[in-house]
Structure formats: structure tokens, C-alpha cells
Amino acid sequence: ENWIEFREIFNSLIHSNEELNDVQRLHYLKSSLTGDASQVIKSLQFSAGNYQVAWKAICARYDQPRMLIRNHLRSILDLESCVKEASPALRKISDALFKHVTALRSLASDAQLFETTIIYIMSHKLDSTTLRQWERNQNDAGTAIPNFDEFKTFLTNTANLLDSLQSKSDSKSTPTPVYAKGKPQMSKSFVMNSPICILCKDS
């Protein structure tokens with residue numbers, strides 16, 4: 001969530017600072033990271049050659065617009081609701097919203113953000129299997145931000161595939177008529193026994 005801010009500050013003060021060598025840059029990079037981010041480059045030893053390796057590894061992990069947009073949207077939707085009219089609560093929402101929207105606008109255009117927001121909301125209406133497949137497709141596409149047409153095409157193709165599989169399943173389950181050897185048996189809706197003579201019938 002704070003990657004963009006960190007990247008810009010670190011790039012300005014450390015990465016592009018010509019007065020520093022790569023060993024110093026690596027030291028500053030390692031000392032600036034915490035949690036999961038620090039684990040990405042934890043095993044790298046302090047050497048001039050490892051700084052570029054470390055910086056590329058961090059960028060590869062966190063410099064992903066699609067993931068960053070999704071995280072900001074999740075944070076907005078997870079903002080705590082106001083339970084009563086109060087200025088502190090409203091200011092808290094306003095400040096958080098400004099923070100996330102500003103970050104979102106630095107990641108994509110307004111048109112992209114509109115479509116991405118729709119996709120984010122509607123993707124959570126999908127079943128777990130379909131949602132997993134959608135996420136897998138997005139991972140295969142790299143860091144590109146998906147648009148609505150891609151999402152709509154995915155839904156249509158998935159629905160068509162399920163229809164096709166269902167049709168095949170139905171055709172396999174349809175019973176095949178089985179006839180006895182010899183003449184085929186004909187089903188009869190009306191059955192007439194041998195005629196009985198009324199005059200011969202006992203009274």
C-alpha cells in the first residue's frame with residue numbers, strides 16, 4: 001500500500017544519489033525494509049554486485065499496479081463506518097479516502113480506475129473456482145491492469161465452457177434403449193385380451 005511513496009523517496013534520496021556506492025545503497029535498502037519485504041532480500045550478502053539484484057527483486061515483488069490498485073480499493077471498502085454523527089470520524093474517513101484516491105490516481109487513469117473498481121466489486125460475486133481462474137488469468141497477463149472488456153469476455157467464455165461440459169455430461173447420462181434379441185419389443189398403450197363371447201359366458 002505504501003510502495004509508491006517508498007519507491008519515490010528511496011529513488012530520490014538513495015538510488016539516484018551519485019555520492020553513494022552500491023554497498024551503501026544496499027545497506028540503506030536493507031535497513032529501510034521490514035516484515036515480508038525484508039525477507040525478499042534477507043539472504044543477500046553486502047556487496048556492490050548485490051545491490052542491483054536486491055533492488056530489482058523488491059521492484060518485481062511490489063511494483064505491480066494491478067495488485068496495488070486492488071489493495072487500495074480493498075482498504076477503501078474496509079474503512080470503518082460511522083456509527084454516529086461526529087467530526088473526528090468524518091475527518092478520519094475523509095483523510096483515508098484522500099490518501100487512497102491520490103495513490104490510485106498515480107497508478108491509473110480515471111477511466112481505468114472506473115473499470116477496475118467495477119471488476120473488483122463484481123469479481124467478489126463469483127464462486128471461488130471461477131474467481132481463482134480469473135486471478136490465474138491475470139497473473140499470466142503480468143502486471144497489466146485489466147479492463148471491463150477482458151472481464152466480460154472471461155465471464156462469457158467461462159459460461160460457454162460450462163454449458164459445453166454440461167451438454168456432454170447430459171449426453172453421456174441419457175439411457176440407450178435396449179432391445180431383446182429377435183424382433184424389437186413394441187410398447188403398448190392399449191391392451192385387448194382375447195374376445196369373449198357374451199352368449200357363452202356363464203350367467
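Among contacts between residues at least 6 apart in sequence, 60% join residues at least 24 apart in this predicted model. The fold is built from nine helices and zero strands, and the order of elements from the N terminus is α-α-α-α-α-α-α-α-α. Of the 203 residues of the protein, 22% count as buried. The exposed area is about 15,500 Å², with carbon and sulfur atoms supplying 56% of it.

In soluble globular proteins, nonpolar side chains tend to be buried together. The largest nonpolar core of the model holds 26 residues, and Trp 3, Leu 29, Ile 41, Trp 55 and Ile 69 are the members that touch the most others. Two or more residues of this core are given by each of helix 1 (3-15), helix 2 (22-32), helix 4 (48-62), helix 5 (65-77), helix 6 (87-107) and helix 7. Helix 4 provides the largest share, six residues. Both domain 1 (3-63) and domain 2 (66-166) contribute residues, so the core lies between the two domains. The surroundings of one core member, Trp 55, were examined further. When residues up to four places away in sequence are not counted, Trp 55 touches Trp 3, Phe 6, Arg 7, Phe 10, His 15 and Leu 29. Of these contacts, Trp 3 and Leu 29 are also among the core residues that touch the most other members.

Seven salt bridges are present in the structure. One of them pairs Arg 7, a contact of Trp 55, with Glu 8, and the closest N and O atoms of this pair are 3.0 Å apart. Arg 7 has a relative accessible area of 21% and is therefore partly exposed, the cut-off for buried residues being under 20%. Glu 8 is likewise classed as partly exposed, because its relative accessibility is 44%. Arg 7 and Glu 8 belong to a network that also takes in Asp 63, joined through salt bridges that share partners.

A second salt bridge lies within one helix. Asp 22 and Arg 25 are both in helix 2, three residues apart, which is about one turn of the helix. Their closest N and O atoms are separated by 2.8 Å. Arg 25 counts as buried, because its relative accessibility is 11%.

The salt bridge between the side chains of Glu 80 and Lys 92 has an N to O distance of 3.9 Å, and the limit for a salt bridge is within 4 Å. Glu 80 is placed in the loop between helix 5 and helix 6, whereas Lys 92 is in helix 6, so the pair ties together parts that are twelve residues apart in sequence. Both partners are exposed: Glu 80 has a relative accessibility of 60%, and Lys 92 has one of 57%.

Nonpolar side chains also occur on the surface. Leu 77, Phe 114, Ile 118, Ile 121, Met 122 and Phe 148 make a nonpolar patch of about 560 Å². The most is given by helix 7 (residues 110-123), which supplies four residues. Met 122, a member of the patch, is located in helix 7 and has a relative accessibility of 38%, so this residue counts as partly exposed. Helix 7 thus gives residues to the surface patch and is also one of the elements that give two or more residues to the largest nonpolar core.

How values were computed. Residues numbered from 1 in each chain as written. Predicted model: local features only at pLDDT ≥ 70, side-chain atom pairs only at ≥ 80, totals over all residues. Heavy atoms only, no water. Patch = residues over 30% accessible without salt bridge, like charges linked within 9 Å, V, L, I, M, F, W, Y side chains within 5 Å. Areas by Shrake-Rupley, 256 points an atom, 1.4 Å probe, with all protein chains shown as cover. Buried < 20%, exposed > 50% of the residue type's maximum accessible area, 1.4 Å probe, protein only. Core = buried A, V, L, I, M, F, W, Y, C linked by side-chain atoms within 4.5 Å. Domains from an automatic or database assignment. Contact = heavy atoms within 4.5 Å.
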